[in-house]
2 protein chains.
Amino acid sequence: MGEAAAIRGEATRRRLLEAAVPLIGEAGWHAVTTRMVAQRAGVAPGVVHYHFASVTDLLIAASVGFTRGMLDRFARELAERPGLDAGLGRLLAEVSRHDGADPASLLVAETYLAASRIPRLRDELAELVADFRRGLAGWLAENGAADPEAAATVLGAAVDGLILHRGLDPRLDLAALARPLRSMLRKE
Amino acid sequence: MGEAAAIRGEATRRRLLEAAVPLIGEAGWHAVTTRMVAQRAGVAPGVVHYHFASVTDLLIAASVGFTRGMLDRFARELAERPGLDAGLGRLLAEVSRHDGADPASLLVAETYLAASRIPRLRDELAELVADFRRGLAGWLAENGAADPEAAATVLGAAVDGLILHRGLDPRLDLAALARPLRSMLRKE
DNA sequence: GAGCGTCTTGGACAGTTGCCCAAGACGTTA
DNA sequence: TAACGTCTTGGGCAACTGTCCAAGACGCTC
């Protein structure tokens, strides 16, 4: 019953999602158009509405999928780090990987904003972020940090904020931030 | 030579700017249209292009003006606070005033993103944020905080990040954050 | 009153958008 | 071979966009 076609269709769907991810960052959520995505994916314009009910649906699937992958990967790497200092270093390295103008940074920020206007997206994203914060708090607690819950909240927020600020001033000295952050985590 | 008309025109210009501010937050930077702004300002659609060269020009003027006012006001209030604890309290109070879904939060986030794509806006915004960070670092230094420069960077980023995160989870416990933040600022 | 400068009006224009759909392509099944 | 399921094509449509502009309104000067 056309099994090969189904497989090919699934590949097309995936290509649309992969094409949408950088476009969200480059052009902005509202500026991504069906024709834009289709062209970058190398397919006819009509394909988008065959695989997705609407452009918004495509953007939600693309942004949530990408964000989930990023957070999962990062949480996994953190779990492998034994000490607070090594973990903080990993955290800052992650921030320095994004200059606030790269597609990943922009996609995350665009997704936050879109979430404020699309309830379904907000719910999915909130769950993702809450999971990540829980994981971070658990890691902090295991490594003997003070106030792991609150510290995880500040850390998570600081990472997102730093990525935003780095877009305005790429010369921000991230290495210097390890000391105050470390200071926040130590017990009295 | 039509002085009354000039005054009235200036008032119209201001009304356009005031109408644009909440619209940027509500609809998103790219989704703000000339007709939308004109309608909310209570003027004919054509007026926008009489007072501004383009929609983008209007949005830049509106967002930069609003952001400058907000940062100035906050910096002034902070300067009046004598101690670290009182200042931190004021900082968290400012965050709690924004739930991440209010027009002000959204406008700031939208402006950050638009700045990544509009060089002129990025330059203006970068200057605003750098000024604010300098002021914050100065206040921290005066109040005997450790590592004032780096701490100001983390604090500024954390504020923006927290506002973003509060949009996803309004129940975030901000009061609990005072302790780790205070801990970050204390000298060894 | 006439003339002038400034601002305002409402519609025109070409371009772009999301979404839809008839027609066709292609492997699979009978 | 013929029929079928799935995916793909390319163009059509109404709605909306930024921008422009001729015409008019209003207060002011002479």
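The following legends describe close-up views of a predicted model with chains A and B.

**View 1. Relation between the two copies.** A turn of 180° with a shift of 0.0 Å along the axis lays chain B on chain A with an RMSD of 0.1 Å. The two copies are thus related as by a two-fold rotation axis. Of the interface residues of chain B, 100% are also interface residues in chain A, so the copies meet through the same surface.

**View 2. The interface between chain B and chain A.** Here 46 residues of chain B are in contact with 46 residues of chain A, and the two chains bury about 3900 Å² between them, 67% of it on carbon and sulfur atoms. Leu113(B), His165(B) and Leu168(B) supply 17% of the area that chain B buries against chain A, more than any other three residues.

**View 3. Polar and charged pairs across the interface.** Between chain B and chain A there are 6 salt bridges and 16 residue pairs in polar contact. Glu110(A) forms a salt bridge with Arg117(B), in which the closest N and O atoms are 2.8 Å apart. On the side of chain B that touches chain A, helix 8 of chain B gives the most, with 14 residues.

**View 4. Surroundings of helix 9 of chain B.** In this helix, residues 178-185, the buried residues are Pro180(B), Leu181(B), Ser183(B), Met184(B) and Leu185(B). Their cover includes helix 8 and helix 9 of chain A, together with helix 5, helix 7 and helix 8 of chain B.

**View 5. The annotated segment of chain A.** An unreviewed UniProt entry lists residues 33-52 of chain A as "DNA-binding region". Over these residues the chain is 65% helix and 0% strand, with the end C-alpha atoms 13 Å apart.

Technical notes: Residues numbered from 1 in each chain as written. Chains lettered and ligands numbered in written order. Predicted model: local features only at pLDDT ≥ 70, side-chain atom pairs only at ≥ 80, totals over all residues. Heavy atoms only, no water. Least-squares fit on C-alpha atoms with pLDDT ≥ 70 in both. Contact = heavy atoms within 4.5 Å. UniProt positions renumbered as here; feature names shortened; annotations may be inferred. Helix = DSSP H or I, 4+ residues; strand = E, 2+ residues; numbered from the N terminus. Buried < 20%, exposed > 50% of the residue type's maximum accessible area, 1.4 Å probe, protein only. Buried area = accessible area lost by both parts, 1.4 Å probe. Salt bridge = Lys/Arg side-chain N within 4 Å of Asp/Glu carboxyl O. Polar contact = N/O pair within 3.5 Å; in protein donor to acceptor, adjacent residues only side chain to side chain.
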